[in-house]
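Dear colleague,

I am handing over the structure we spoke about, with the sequence alongside. Please look through it first; my notes on what was found follow below.

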Amino acid sequence: MYTRTPEDWREANRARWDERVPIHTASEYYDLDSFRAGQDVIRPFEAAEVGSVTGKSLLHLQCHIGLDTLSWSRCGASRVVGLDFSEPAIEAARDLAADLGLTPDQASFVAADVYDAAEAVPDSSYDIVYTGTGALCWLPDMGRWAETAASLVAPGGFLYLAEFHPLTDALDDATGSRIAHDYFGRDAWVDEAPGTYADYDAPTVNNRSIEWQHTLGEVVTAIAATGLRLEFLHEHDATLFRRFETLERGAGGEDRGDGFYRLPPGSPRVPLMYSLRASRPADG
Ligand SMILES: C[S@@+](CC[C@H](N)C(=O)[O-])C[C@H]1O[C@@H](n2cnc3c(N)ncnc32)[C@H](O)[C@@H]1O
């Protein structure tokens, strides 16, 4: 169902996320025991595209329970800050950071709306501003998001984004080969689905979600308008979950066996994820 932006979008989404935090911290999907034991969650393509983070400061916008944020710390970032509007998510991230023995100076977490990040985070700029999968769909205004994220990039630093490709939202769930939805849809997408991607059968009561689809052109243009310089935009033939019923885990492509989901070998492909990096000149 598509409607104009409902006034309660922020409160409804926050209530939905708050309720899902304890489900996620207990889930096999997030597998916190393995994470505490040293398992990394940064995807290989992200590590390659971000490059060395050693000695760098990194801000993670919409960090959820902090696994990616803390993984960047493990990769060598000298200081990581995670921001999310869900208080329970931030509390879980702080607990996890303490479990890893990290000090607040090495890893800290802030509860705030992403649009208020510039006022909420402890430092005025970061070497890397990172935003990971499943984040932008929760935000109605890409221009405001890009301005906020770019304002926190230090001279010589960059914004890195890895997201699910918006084309996947236009294709049918079964095959991913038929256009089923309007790629250019501008209105909020309101849903009431219970459960969560980490546990589809989990009993939940706060099920109202309000999301938006953002075309690739909209996201890239919003970033370009901030004055950051686009270094690359990569489209990937693999994704993190079974987005379409036809996707196979570890099938096809050069990275066969890597645990990513792809269309079966020999099928015509579509982009399933994208990633981009946009930098601020050292004198900028
Ligand atoms: C799918 S998670 C993305 C994190 C990461 N990819 C993961 O899987 O753990 C989306 C996060 O965005 C947060 N979020 C949604 N809308 C937000 C907003 N307006 N401001 C700050 N955080 C928001 C939610 O609380 C949630 O933790």
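A polar contact is taken here as a pair of N or O atoms within 3.5 Å, and by that cut-off a polar side-chain atom of His64, which lies 2.9 Å from an oxygen atom of the ligand, makes such a contact. Please keep in mind throughout that this is a predicted model.

The ligand site

There are 16 residues around the ligand, and those that come nearest are Tyr30, His64, Asp84, Val114 and Thr133. Besides the side chain of His64, the backbone takes part: a backbone N or O atom of Val114 lies 2.9 Å from a nitrogen atom of the ligand, and a polar backbone atom of Thr133 is 2.7 Å from a ligand nitrogen atom. Taken on its own, the ligand has 600 Å² of accessible area, of which the protein covers 96%. As for the make-up of the shell, the residues around the ligand comprise 8 nonpolar, 5 polar and 3 charged ones.

The cysteines

The structure holds 0 disulfides. Cys75 is in no disulfide, its nearest cysteine sulfur being that of Cys63, 16 Å away, and Cys75 is partly exposed, with a relative accessible area of 31%. Why does Cys137 form no bond with the closest cysteine sulfur, in Cys63? The sulfur of Cys137 is 15 Å from that of Cys63, which is too far for a bond, because a disulfide requires two cysteine sulfur atoms within 2.5 Å. Cys137 is also partly exposed, at a relative accessible area of 23%.

Ser71 and helix α4

Is Ser71, which has its place in helix α4 (residues 67-74), buried or exposed? Ser71 counts as buried because its relative accessibility is 0%, where the limit for that term is under 20%. Leaving aside residues up to four places away in sequence, Ser71 touches Phe35, Asp40, Val41 and Ile42.

Helix α7

At the start of α7, a side-chain oxygen of Asp141 reaches to within 3.0 Å of the backbone nitrogen of Gly143. The helix itself spans residues 142-151, and its buried residues are Met142, Trp145, Ala146, Thr148, Ala149 and Ala150. In an α-helix there are 3.6 residues a turn, so residues three or four places apart point the same way. The buried residues of α7 are covered by elements that include the strands β2 (57-61), β5 (126-131) and β6 (153-164), together with the helices α6 (117-120) and α9 (216-224).

With kind regards

Technical notes. Residues are numbered from 1 along each chain as its sequence is written. This is a predicted model: local features need pLDDT of at least 70, side-chain atom pairs count only at pLDDT 80 or more; totals for chains, interfaces and linings use all residues. Side-chain values use heavy atoms; hydrogens and water are left out. A residue is near a molecule or strand if one of its heavy atoms lies within 4 Å of it. A polar contact is a pair of N or O atoms within 3.5 Å; within protein, one must be able to donate a hydrogen and the other to accept it, and residues adjacent in sequence count only if both atoms are side-chain atoms. Accessible areas come from the Shrake-Rupley method with a 1.4 Å probe; for residues, only the protein chains shown count as cover. Ala, Val, Leu, Ile, Met, Phe, Trp, Tyr, Cys and Pro count as nonpolar, Asp, Glu, Lys and Arg as charged, and the others, Gly among them, as polar. Buried means under 20% relative accessible area, exposed over 50%, partly exposed in between (1.4 Å probe, protein chains only). Contact means heavy atoms within 4.5 Å. Helices (H or I, at least four residues) and strands (E, at least two) are DSSP runs, numbered from the N terminus.
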